[in-house]
Amino acid sequence: GKQTPQTIRAIEAAGLVSNAIAVNLMATALPLAARVDYIVLLSLGTLLTSRAIYVPSTRRRSLALAAVIGVATLTGIYVMTLDIDVAAWAHIQPEIAQYTPREVAMGMTFNAATWWVVTMMITMAASDVIYGLRRDARAAMQLGQYKLETKLGEGGMGIVYKAHHALLRRPTAVKVLLPERAGERSIERFELEVRLMAKLRHPNTVTVFDYGRSPDGAFYYAMEYIDGATLGEVVAATGPFEVARAVRVLEQAAAALVEAHGVGLIHRDIKPANLMLFLPHPHGGIHESVKLLDFGLVKEVSTQHEGITQANTLIGTPQYMAPETIRNPDVVDARSDIYALGCLMFFLLTGEHVFSGESVMDVCAKHLHETPDTVSARRGGSLAADVETLVSECLSKDPAERPASARELQQRLAACQPFDAAFTAHDAHEWWEEFRPIFERQPVLADQSLSMAARPSPPYAT
């Protein structure tokens, strides 16, 4: 469970001191001739030095702990050496014959104290160096006005962190270009991505707040943080959607594409991991919403951007790629995204991809040549005719047979009449109350490497 730093420090201090006392008590079972004073020093010295390396701590705290343990250790050594047989030891060290047992015990304790002081100095130095390096690493995780906190995921272009604005303290998602990908072409694509996303204002599209470059040259942009789950995560956790819920989610996704297509942007990577479902206000009264994420593969149809995208390269995730995208990746239009939305709706209603295979080539070949199953056949039950027809049209091999635009698709989704009951705002609130704990993100150190999807992409993602 979550504990305060003070509680953790108290537990650590109690554990270390108890350990020192236990080692001293065990040492009383050994004969003094085994030099138990050195055994105790070696054991506790190794423990304390290891702690300074692995546990973040200031040198003052390391000094305090070492002093407390040192007092216990030196007291134990003095008590253990008080009953020394001076005559027996004189055969090994004749010079001690002139001293009393008390004086010998004090001498051995003083000798141990000298070694313990050396141990304390090493411990303090280790803590100072390690703690300082950790502090510098945390400071390096500051990008402009944004303090990086935890890792959310990693994609082909960059890493996404949960962060907060230094002044506003509002949670933010920050995408950072991967250092190993920061070549001229990657930087140009990264800047294009944020520039294109900044054009979008639809409530179902993630909003970009800021863009910049850190003093050490890392490119980043900040966007709104969505506390929810990807559609892929939701299906994996609770199974296929009710038809009414799937229709409503897809209607919002189509609405986001209406704006994107309207300004000449093709997403090219519509998939479950790139749509985030969330409840805007967890206290109820507001219906759940979906956000379209990750415009890293977006294409601006009015401009070719020569040199940024490579010709004859598959762009996207094979399970959601339109046939024309597979044949000619550089010639796409809005209907390619509509095909992907058809694949997405199939997935939401059945819990399965339209096509699966052993390899990328296998999946692509099926998109090109195989007729997909109907949703009702894969779902194992009847389905409203208008929903079935719309999914089939979106999955047509011929772009001309699909809905002509995202707006048409949105309107037809809004007009659908599913057999099951409507998925209301109250239903959404109840669902999130029950299942939200499943989707709580496990914190990951911010200085480790990050996808907008916050989870690994499906197989064959390219």
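T123 touches L48, T49, A52 and S62, leaving aside residues up to four places away in sequence. This comes from a predicted model. T123 sits in helix 5, which covers residues 101–140. Is T123 buried or exposed? Its relative accessibility is 1%. Buried means under 20%, so T123 counts as buried.

**Strand 6 and its partners**

Next comes strand 6, residues 219–224. This strand is mostly covered: six of its six residues are buried. Which strands pair with strand 6? Strand 4 is joined to strand 6, and strand 5 also pairs with strand 6. The table sets out both pairings.

| Partner of strand 6 | Residues | Direction | Bridges | One residue pair |
|---|---|---|---|---|
| Strand 4 | residues 171–177 | antiparallel | five bridges | A173 opposite M223 |
| Strand 5 | residues 208–213 | antiparallel | five bridges | G212 with Y220 |

In each listed pair, one residue belongs to strand 6: M223 stands opposite A173, and Y220 is the bridge partner of G212.

**Helix 11**

Now turn to helix 11, residues 360–369. Its buried residues are V363, C364, H367 and L368. Why do these buried residues line one face of the helix? Look down the axis of helix 11: the buried residues fall within an arc of 140 degrees, so they line one face. The face turned away from that buried side carries M361 and H369, which are exposed.

What covers the buried residues of helix 11? The cover includes helix 9 (323–327) and helix 10 (334–350).

Key
Residues are numbered from 1 along each chain as its sequence is written. This is a predicted model: local features need pLDDT of at least 70, side-chain atom pairs count only at pLDDT 80 or more; totals for chains, interfaces and linings use all residues. Side-chain values use heavy atoms; hydrogens and water are left out. Helices (H or I, at least four residues) and strands (E, at least two) are DSSP runs, numbered from the N terminus. Buried means under 20% relative accessible area, exposed over 50%, partly exposed in between (1.4 Å probe, protein chains only). Contact means heavy atoms within 4.5 Å. The arc is that of the directions from the helix axis to the C-beta atoms. Two strands pair if DSSP finds at least two bridges between them.
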